Amino acid sequence: KHQVRQLEGQLETVRGQEQIARQDKEAMSSILNKEIGKGQKAQSILLDKKLEIMQLTEPNESLKVKIEAVTTEKTELRQDFESLRQINETSQKQLVEYMEEMQQLKEDIKDREQRMEAMRKQVQ
């Protein structure tokens, strides 16, 4: 009986860990989706600015100033996009790790439940 209670306690602990892992996975998924959205927005802005640069080809000083401003913004957006891409890669790796950990926890729970069932049969 003591072992059964102990295993039930361990099972509850593992279930709690699984719940935490599930919550972490959901949080990471949410963060990942937000970061992907930011990256897509940055890429869209980058493309818009690229088109704007192509339209500003007249040799006018005010246009040259605008082109320089757009180029600077484009560079900043590229840097932001690269940063978001790196965050996205890291988030994806973490998500895979969480999913693998959750799968391992599920397997551990199943194994413990089987052992508990076997112990219950022995006790009866």
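This report walks through the salt bridges, a few individual residues and the nonpolar core of the structure above. Please keep in mind that the model is predicted.

**Two helices as the setting**

Helix α1 covers residues 2–55, and helix α2 covers residues 61–123. The residues discussed below are placed on these helices wherever their position is known.

**Salt bridges**

How many salt bridges does the structure hold? The count is eleven. As a general point, side chains of opposite charge can pair when their charged atoms come close. Three of the pairs are set out here, each with its N to O distance.

| Pair | N to O distance | Helix | Separation in sequence |
|---|---|---|---|
| K38 and E35 | 3.8 Å | α1 | three residues |
| E52 and K49 | 3.6 Å | α1 | three residues |
| D111 and R115 | 3.6 Å | α2 | four residues |

Let us take the pairs in turn. K38 and E35 sit about one turn of helix α1 from each other, and their side chains meet in a salt bridge. K38 counts as partly exposed because its relative accessibility is 48%. E35, at 13%, falls under the 20% cut-off and therefore counts as buried.

E52 and K49 are also about one helical turn apart, because three residues separate them in helix α1. Is K49 buried or exposed? K49 has a relative accessible area of 19%, so it is buried, with the cut-off for that label lying at 20%. Its partner E52 has a relative accessibility of 29% and so counts as partly exposed.

In helix α2, D111 and R115 are about one turn of the helix apart. D111 is partly exposed at 36% relative accessibility, and R115 is partly exposed too, with a relative accessible area of 39%.

Salt bridges also link residues into a network, whose members are E8, E117 and R120.

**A closer look at E35, N88 and K34**

E35 deserves a second visit. Besides its salt bridge with K38, which residues does E35 touch, leaving aside those up to four places away in sequence? They are L84 and I87. So this residue of helix α1 joins a salt bridge and counts as buried because its relative accessibility is 13%.

N88 lies in helix α2. Its relative accessibility is 18%, so N88 counts as buried. Apart from residues up to four places away in sequence, N88 touches L32 and I36.

K34 belongs to helix α1. With 57% relative accessibility, K34 lies over the 50% cut-off and therefore counts as exposed. K34 and S91 are 57 residues apart along the chain, and their C-alpha atoms are separated by 11 Å.

**The largest nonpolar core**

Which residues make up the largest nonpolar core? The nine members are V4, L7, L11, V14, A21, L105, I109, M116 and M119. The elements giving two or more residues to this core are α1 and α2. Of these, α1 provides the largest share, with five residues.

**Bringing it together**

In this predicted model, helix α1 holds the K38 and E35 pair as well as the E52 and K49 pair, while helix α2 holds D111 and R115. Both α1 and α2 give two or more residues to the largest nonpolar core.

Methods: Residues are numbered from 1 along each chain as its sequence is written. This is a predicted model: local features need pLDDT of at least 70, side-chain atom pairs count only at pLDDT 80 or more; totals for chains, interfaces and linings use all residues. Side-chain values use heavy atoms; hydrogens and water are left out. Buried means under 20% relative accessible area, exposed over 50%, partly exposed in between (1.4 Å probe, protein chains only). Contact means heavy atoms within 4.5 Å. A nonpolar core is a set of buried Ala, Val, Leu, Ile, Met, Phe, Trp, Tyr and Cys residues joined through side-chain atoms within 4.5 Å.
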